[in-house]
Amino acid sequence: MRTLPLKWTRLRRWRTSLLIFLSVLGPGIITANVNNDAGGIYTYSVAGARYGYALLWTLIPITVALIIVQEMVARMGAVTGKGLADLIREEYGFRMTFILMILLLLTNWGNTVSEFAGLASGMSLFHVSRFVSVPLGAIMVWFLVARGTYRSVEKVFLAACVFYGSYLISGFLAEPDWKSAAVGTFTPRMSASTDELYMIIGLVGTTIAPWQQFYLQATIAEKGIKVENYAQSRWDVIIGCILVSVVAYFIIVACAATIFISGHRQINGAADAALALKPLAGGAASALFALGLCNASLFAASILPLATAYTVCEGLGFESGIDKRPHEAPVFYSLYTGLIILGGLAVLVLSESRQVPIILLSQVANGILLPFVLIFTLRLCNREDLMGPYRNTRTFNIIAWTTCIVIIALTLLLLIRFFLPDYIP
Amino acid sequence: MIYFTELENLPAHDAKGEYLGRLADLAINPSQNSFQVAYLYVMTPRKKLLCIEREQLSTISVRAAQTSVSADQIGCSAPDEGLICIKKDVLDQQIIDVNNRKVVRVIDVDFDIQPDHKHTELRIIAVNVGTAAAARRLLQGLFAKHRIRMITSILPTRTIPWEFVSLIEPDPARRVKLRISYSRLAQLHPADLADILEELSRDEQRSVIESLDDETAAETVSEITTRMQVALLNSLSAGKAADIVEQMAPDEAADVLQELPPETSAEVLANMEAEEAEEVRELLGFEENTAGGLMTTEFIELQETATVESAIDAIRNFSGPIETIHSVFLTAANLTLTGVVPVARLLVADKDTALQELAADPILSVPFHADEKTVINKFRNYNLLALPVVDDNGRLLGVVTADDVLELVVKEK
């Protein structure tokens with residue numbers, strides 16, 4: 001055999017690993033980006049509008065926490081070849097799985113409602129009535145998945161991620177004061193104000209959600225990513241998490257440079273933020289912001305119901321998969337279709353104030369679900385019979401348990417505030 | 001009949017009526033009897049695991065279990081690798097329903113109580129996957145057992161008889177100990193097997209494929225999606241992957257190898273028999289979406305001067321799958337294609353007839369660089385089952401068969 005010069009072999013090795021990377025690319029980036037959905041954009045906008053650049057630093061610990069949490073399930077997916085719901089069912093039995101799946105359904109129904117609400121308010125800025133945009137969006141989303149194959153769907157999703165770039169542009173168009181932004185990014189500060197604390201909890205909550213654990217692990221398992229290629233897959237996860245924060249960063253910056261500076265710091269929705277940008281940063285920035293909102297809402301409205309249907313079927317043992325026909329996987333398609341219809345319908349039929357109970361219910365379900373999911377993830381990730389040499393190391397465990405306990409504590413705090421506002425500051 | 005949900009946590013007493021603990025698990029010893037419950041495991045209040053042997057069980061009901069011996073005669077060994085434990089290995093795990101060719105997750109397990117003159121025997125009847133079983137699992141321990149029976153009696157049940165249950169065990173050593181064989185699976189149609197595989201996780205897929213003979217494995221792999229083919233072949237050893245790819249039709253083998261990472265694909269080729277590897281390598285040189293990429297190199301080629309008799313001989317000696325032969329192809333001394341003879345015409349002709357006389361008119365063929373559309377249109381316009389592929393000098397390179405074209409058309413839709 002002819003031996004290649006060293007430079008070439010190195011180049012070739014590099015090329016091979018790039019090819020492997022491109023083949024495993026997807027699950028991490030897609031999962032992470034769905035976090036920047038309508039609810040996420042709203043939370044970031046409020047953070048920027050109310051506190052300016054001051055809370056930018058929180059994005060760094062949030063990104064790290066997100067990476068730690070997501071890396072574990074990605075690793076489990078690659079090592080076991082099974083989804084998280086599968087593993088929970090096998091380890092913790094039918095009843096526990098059933099309860100978690102009901103909670104997941106509730107959480108994601110509420111989330112789907114807020115996605116469609118986001119789409120409606122985003123499109124209304126382009127003078128499209130919600131009675132047009134919501135049904136149209138729902139039909140688009142349904143057909144994309146029900147009539148597509150896994151590969152084509154994944155490509156559409158990846159392409160949708162590109163549109164998050166619109167936030168970067170609108171961030172620049174807002175002409176922020178980059179020096180203040182840099183100060184806000186690298187100097188952690190906590191004021192005594194409880195409102196600010198809840199703002200931070202909101203930021204954490206919108207970024208780390210239970211459904212993404214299920215979805216990420218299942219897609220990695222389904223993609224057949226091998227343990228040997230896990231190093232590349234981990235980059236997919238890390239890049240995804242960083243991208244999310246970059247987008248969040250620019251949303252906060254755009255709102256800080258305009259709405260916060262202007263002094264009128266009250267906004268009631270993500271579309272409000274887009275509207276407020278108009279006189280301050282120009283029509284282009286405002287339109288891009290609204291476009292980003294529509295894209296994010298539509299993107300999340302298609303993935304959330306899909307991920308929910310997948311996870312519930314996986315945990316309870318029903319046939320699932322978009323490569324199957326509806327009669328082959330009736331429960332899967334019913335759940336998927338049902339979530340889209342009920343989500344869209346809630347936005348069309350109920351007034352905004354009437355949607356609040358649904359969103360509240362969903363946040364409560366989320367608050368109960370998240371601790372279970374995180375603790376199960378950690379425990380499963382430490383099982384030698386499942387993970388073998390890939391189980392958590394001691395150092396990683398300390399970091400991961402600390403992270404998860406902090407997230408759980410913050411989530412519960414938010415939950416308590418909803419129900420017993422008198423008992424805590 | 002008694003369900004596992006009713007047996008779990010059942011209080012157990014010894015011969016004197018002394019409380020032992022609660023039933024934790026049941027185990028079957030497949031090397032002796034794959035239906036009989038061989039051991040009952042009881043967790044004592046002090047968290048010690050007792051092991052009641054089959055002969056020591058005196059009575060068992062939804063209320064309690066009693067042994068025929070006293071507590072000190074009961075051993076305390078934990079179940080070993082060679083036993084199937086109901087709770088650990090069956091409940092909530094995926095199994096293959098061989099009869100209905102489906103992968104399902106077990107929700108409950110049904111047992112039969114058979115009182116003998118000296119002791120009572122528990123026999124496993126079926127695994128339960130219906131709504132009633134799901135309700136039992138949800139209500140287990142929350143209501144009295146007879147209440148649960150009453151509530152769930154109105155719900156539909158679905159059971160799979162234990163003899164049609166195939167457990168899935170990724171660890172090959174344990175598979176041997178548990179005497180799990182996939183021999184029943186090998187009798188299924190490869191397309192059904194492929195559907196089953198699609199439901200399994202990667203390690204489980206590998207364990208099933210490894211236990212099949214190479215030919216069945218190859219047929220099954222040909223039926224699964226390209227994405228799964230790649231993942232599966234990637235997870236097998238290069239030797240086993242080569243054995244399987246060798247048994248696949250060369251065009252399908254080339255398609256799969258094209259999708260694998262270059263290193264893996266080279267490794268698989270290196271492990272294949274020289275002759276098969278050569279055929280596949282030739283095909284790998286063609287563009288994927290052209291006639292060359294679609295064609296197989298397994299076909300019957302005869303000299304244009306040959307007779308019907310020699311054609312039938314050639315079919316008899318054909319090494320590939322014989323049902324794919326629709327025509328035989330005639331070539332001149334310089335290897336250019338000069339005729340195509342449908343097999344049906346061979347059957348009705350005299351054995352000394354020259355093949356040239358039976359050749360279909362006109363000779364249809366496509367150049368190897370023709371695109372998919374051209375190929376599909378030729379098949380449609382001329383109602384073909386097979387279409388020869390030639391190089392620019394008219395030399396015969398291979399044959400595109402109707403099944404591959406059908407797949408293309410379906411994919412485009």
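These are my notebook entries on a predicted model with chains A and B.

**Entry 1: where the chains touch**

I began with the interface. I counted 16 residues of chain A in contact with 18 residues of chain B. Next I asked which elements of chain A give two or more residues to that side. They are α1 (6-24) and α5 (84-124) of chain A. I noted that α5(A) gives the most, with 6 residues. Then I sorted the chain A side by class. I found 5 nonpolar, 6 polar and 5 charged residues there.

**Entry 2: a helix pair in chain A**

I turned to helix α3 (residues 38-51) and helix α10 (residues 194-207) of chain A. They pack with their axes 9 Å apart, at an angle of about 150°. Angles over 145 degrees count as roughly antiparallel. The angle therefore makes α3(A) roughly antiparallel to α10(A). I logged the crossing of α3(A) and α10(A) as left-handed.

I then listed who meets whom. From α3(A) come G39(A), G40(A), T43(A), A47(A), R50(A) and Y51(A). From α10(A) come E196(A), M199(A), G202(A), L203(A) and T206(A). By class I get 4 nonpolar, 5 polar and 2 charged residues in this contact.

**Entry 3: a hairpin in chain B**

I looked up strand β4 (residues 37-43) of chain B and its partner β5(B). The two run antiparallel and are joined by 5 bridges. Which residue of β5(B) does Y41(B) stand opposite? I found C51(B) there. The hairpin of β4(B) and β5(B) has 5 residues between the strands. In this hairpin, K47(B) takes a positive phi near 65°.

Next I followed the side chains along β5(B), residues 49-53. In a regular strand, side chains alternate between the two faces of the sheet. Here I found L50(B) and I52(B) pointing to one face, and both are buried. L49(B), C51(B) and E53(B) point to the other face and are not buried. So C51(B), the residue opposite Y41(B), belongs to the face whose listed residues are not buried.

**Entry 4: a three-stranded sheet in chain B**

I traced an open sheet of 3 strands in chain B, in the order β10-β9-β14, with antiparallel pairing. Which strands are at the edges? They are β10 (102-105) and β14 (165-167) of chain B, each pairing on one side only. I noted that neighbouring strands are turned by 40° against each other on average, direction ignored. Strand β9 (residues 94-97) of chain B pairs with β14(B) over 3 bridges, in the antiparallel sense. On that pairing I marked D97(B), which stands opposite V165(B) in β14(B).

**Entry 5: helices of chain B**

I checked helix α9 (residues 214-223) of chain B for burial. T216(B), A217(B), A218(B), E219(B), T220(B) and V221(B) are buried. What do the buried residues of α9(B) pack against? I listed α6 (183-186), α7 (190-199), α8 (202-211), α10 (226-235) and α11 (238-247) of chain B.

Last, I took helix α12 (residues 250-259) and helix α14 (residues 274-284) of chain B. Their axes are 9 Å apart and the packing angle is about 65°. Is the crossing of α12(B) and α14(B) left-handed or right-handed? I logged it as right-handed. On α12(B), the contact is made by P250(B), D251(B), A253(B), A254(B), L257(B) and Q258(B). On α14(B), I wrote down E279(B), V280(B), L283(B) and L284(B). The class split of this contact is 7 nonpolar, 1 polar and 2 charged.

Conventions: Residues numbered from 1 in each chain as written. Chains lettered and ligands numbered in written order. Predicted model: local features only at pLDDT ≥ 70, side-chain atom pairs only at ≥ 80, totals over all residues. Contact = placed C-beta atoms within 7 Å. Helix = DSSP H or I, 4+ residues; strand = E, 2+ residues; numbered from the N terminus. Nonpolar A, V, L, I, M, F, W, Y, C, P; charged D, E, K, R; others polar. Buried ≥ 20, exposed ≤ 12 C-beta atoms within 10 Å, placed from the backbone. Pairing = 2+ DSSP bridges. Axes fitted to C-alpha atoms, helices over the stretch in contact; angles between N-to-C directions. Parallel < 35°, antiparallel > 145°, perpendicular 65-115°, else oblique. Left-handed = near helix turned anticlockwise from the far one by under 90°.
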